[in-house]
Amino acid sequence: MKILVTGGTGYIGSHTVVELIEAGNEPIIVDNLSNSNINVLDGIKGITGKAVPFYQVDVTDLDALRKVFCENNGINGIIHFAASKAVGESVKEPLKYYGNNLVGLMNILKCMKEFSVGSLVFSSSCTVYGQPDVLPVTENAPIKPALSPYGNTKQICEEIIRDTATSDNNIHAILLRYFNPIGAHPTALIGELPLGVPQNLIPYVTQTAAGIRECLTVFGDDYDTPDGSCIRDYINVTDLAKAHVVAVSRMENGKQKQNVEVFNIGTGKGTSVFEIVNSFEKVTGVKLNYKVGARREGDIEKVWADASFANNELGWKAEKSLDETIASAWNWQKSLKK
Ligand code: UFG
């Protein structure tokens, strides 16, 4: 299948491009490089041996996007990653987030209609559940008011897709609600490249261990959890990438049961911040400099997935262990120092 991947040089996008190629598909990348590096294409080529067609295009530029579709006949499906994703920044610059994330998606949907492309995989997030009342959280849990403009864009994008698919039977979509993606490709040729000071836990951990940051702050140890730190469902990025390949094939093979389907993509297992620190020290043998600090505003106390719908319906399951995944993040960090 010919698959357009927006945000294809980004963290999850690049891993998905690799998995698409390894499953025999032909990806085409669209990315504006605002939060990724052109060298990622070399990493993808190093792993797969394939040079992927690349367009430096911003998805909010409808005319430029149209040109990509004009130059590439017969696109079967789209995996739409391109979006702004920093929660804190979204509070300071909400219009940037509404502009990029909503307009980008609407342009993709317009092109799908104009160029008769029927299948869309959309990057959603467990953020739509807020703090769930019941854990593990299923896809049927209520959507809670968003805690940030970023989270709100994910909720609104889901609605835009549903409304569009309701109005047009030719549009099919699978919404993947990611939990916390971490780790890097086992070759360490691609991985996460945070700009500036990392906001997310794992890059902060690996940069602290590498001596780039002085000390990790654990944001709160007085939560209602067994060790007092927050709990998340950390999913290996390659496992997550594979879910996209399965999702796009499901639509193309007419296996969908509804025009729009939603799947939690997580491991089903919750891990605390202290457990992450312990696992990191165990698998790398590196002592991590950390201290306990105040809670971070807007943090959810605990969330992990009920992934049984994805397991049973998609036939997809997270396979890699937490230790293996943390080791891959460390190998990636070390490769950056060279
Ligand atoms: N944490 C620390 N110290 C740090 C960074 C994080 O203790 O320096 C803790 C957080 O408090 C949280 C856990 O590590 O308990 C994970 O934090 P991340 O920032 O890595 O991830 P979040 O769960 O906050 O955010 C993720 C995605 C967001 C998404 C959000 C909700 O990164 O894009 O889940 O879905 F919005």
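Reader: What makes the pair between Asn180 and the ligand a polar contact?

Author: A polar side-chain atom of Asn180 sits 2.9 Å from an oxygen atom of the ligand. A polar contact is a pair of N or O atoms within 3.5 Å, so the Asn180 pair counts. This is a predicted model, with local features needing pLDDT of at least 70, side-chain atom pairs needing 80 or more, and totals for chains, interfaces and linings using all residues. Residues are numbered from 1 along each chain as its sequence is written, and side-chain values use heavy atoms, leaving out hydrogens and water.

Reader: Which backbone atom of Leu201 lies 2.8 Å from a ligand oxygen?

Author: A backbone N or O atom. For Phe219, a polar backbone atom is 2.9 Å from an oxygen atom of the ligand. On its own the ligand exposes 690 Å², and the protein buries 88% of that (accessible areas by the Shrake-Rupley method, 1.4 Å probe).

Reader: What makes 10 residues of the ligand shell nonpolar?

Author: Ala, Val, Leu, Ile, Met, Phe, Trp, Tyr, Cys and Pro count as nonpolar, Asp, Glu, Lys and Arg as charged, and the others, Gly among them, as polar. By that rule the shell also has 6 polar and 4 charged residues.

Reader: Why are β1 and β2 called paired?

Author: Two strands pair if DSSP finds at least two bridges between them. Strands β1 (residues 2-6) and β2 (residues 26-31) have 5 bridges in the parallel sense, so they pair. Strands themselves are DSSP runs of E, at least two residues, numbered from the N terminus. Ile3 has Pro27 as its bridge partner in β2.

Definitions and conventions:
A polar contact is a pair of N or O atoms within 3.5 Å; within protein, one must be able to donate a hydrogen and the other to accept it, and residues adjacent in sequence count only if both atoms are side-chain atoms. Helices (H or I, at least four residues) and strands (E, at least two) are DSSP runs, numbered from the N terminus.
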